[in-house]
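Colleague: Could you walk me through the terms you use for this fold? I would like to see what stands behind each one.

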Amino acid sequence: MSLKEDIAKHKASLPLRYTREWLQERFRKFYARAEPELPPRFTTREWGMFGWGGKLMQRHLAFRSEGGLQAKLAREAPMHVYHSVAYYAHPSAGKMNEKQWQAADLIFDLDADHLPEMELLKRGETTFGALMEIIRKQAVRLVEDFLLGDLGLDVGDLQLVFSGGRGYHVHVRTPAVLELPSGARRELADYLTGLDADRERLLVDAGHTRKYGNKRYSTGELRLPATDAPGWQGRVARFTSAWLEEAQALPADERLTRLESLQRIKTGAAKNVKLDGTPQEVFDALPRHMQIALRDAALSACAVHADEPVTGDLHRLIRLPGTLHGGTGLLARSVTLEELHDFDPYRQATALGDAPVKVRCVAGHPVAMGDVASLKPDEVAELPTVQGAYFMARGFATLEIEA
């Protein structure tokens, strides 16, 4: 490499270096006064941290006091801070079999990157902010419908956390789950998706048999379950009832179009369908293929897409609430169930202040921080620190170096 090329490469690296240094200094100021939310029995947890220069996580850490953890955070201002979901007899042991696993919290990790709608984002048909809204609604459904509803847990046994990045963590700490094996935890994650549900049993088989000669045949009539039925049956019934009520509220010429919007329903197939009556009556009178289409739509709409490997991993490290996410500059913070109903992370998980900072967009396409701020390629803008930090931490912008 020539001297000229070497100088050019050095100059090109300066914005990235200054950006990293600026972010680390903001993190350092935060941790000088921060009080992270320590998990129960924190002295039995393994801890891990990512620094700003290396690619490897510093693992097998343990702390005997809250002050010891806070001192390390203030001293090193790491990009990411994690603790184990497990409780160990010897959390700082260098090998997993030497730590002596005792129990583990049950964790559900809901990440926008795992949504089926990610394909729409890749095609430019939706925004990341829209995916964040979908994953928030799934977090609400996970807690209210599955954990408090199907499993009968108490909200006091749960910790709900915005991850600081692309979704939410739900920690379950009721004693009944702490010793669950990995396989049972994975089955719970599968149950949330409805993929393994016995679809033939989600609707009520109200058919009867008729005899023709020496053989009997089933009429195969299906009925909608009661909306208060347990588990996935009730979930399908509630979704379907609401869907049909919305269809009935439409103008007459739009009702059939709504039915034909269901997957695998051909145009014109609904022309003789009647939508008068209660949802139960309407559903029970629908052709079988439309009943099946509504059932499948309910399965898709009511699913919760938790990261199965995270739920099943008895040794997983999870982000510590009350710390900053090095990939966004946002705060990983606990939220109540009430707050979760309308939580806006881009406004309610900020912690770095509003002092102005000038940044340059280095992304090859427009980027946004929800509906709070946006940048266009090569745009130079002065933004509040929390917004500038978000774009820089995401790699969408660099610190603008004044000449």
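Modeller: Gladly! This is a predicted model, in which local features need pLDDT of at least 70 and side-chain atom pairs count only at pLDDT 80 or more, while totals for chains, interfaces and linings use all residues. Residues are numbered from 1 along each chain as its sequence is written, and side-chain values use heavy atoms, with hydrogens and water left out.

Colleague: Why is strand β7 called largely enclosed by the rest of the structure?

Modeller: Buried means under 20% relative accessible area, with exposed over 50% and partly exposed in between (1.4 Å probe, protein chains only). Five of the five residues of β7 (158-162) are buried, so the label fits. L158, L160 and F162 point one way, Q159 and V161 the other way, and all are buried.

Colleague: What makes 158-162 a strand in the first place?

Modeller: Strands are DSSP runs of E with at least two residues, helices are runs of H or I with at least four, and both are numbered from the N terminus.

Colleague: How do you know that β7 and β8 pair?

Modeller: Two strands pair if DSSP finds at least two bridges between them. β7 and β8 (residues 167-172) have five, in the antiparallel sense, so they qualify. L160 stands opposite V170 in β8. The two strands form a hairpin with four residues between them, and G164 in the turn has a positive phi of about 90 degrees.

Colleague: Which strand pairs with β7 over three bridges?

Modeller: That is β14 (residues 333-335), again in the antiparallel sense. Here S334 is the bridge partner of V161.

Colleague: What is the strand order in the open sheet?

Modeller: The four strands run β6-β8-β7-β14, with antiparallel pairing.

Colleague: Why are β6 and β14 called edge strands?

Modeller: β6 (106-111) and β14 each pair on one side only.

Colleague: What makes you say that helix α5 packs on the sheet?

Modeller: Contact means heavy atoms within 4.5 Å, and α5 (residues 128-150) touches β6, β7 and β8. The direction of α5 makes about 20 degrees with that of β8; axes are lines fitted to C-alpha atoms, for helices over the stretch in contact, and angles run from 0 to 180 degrees between N-to-C directions.
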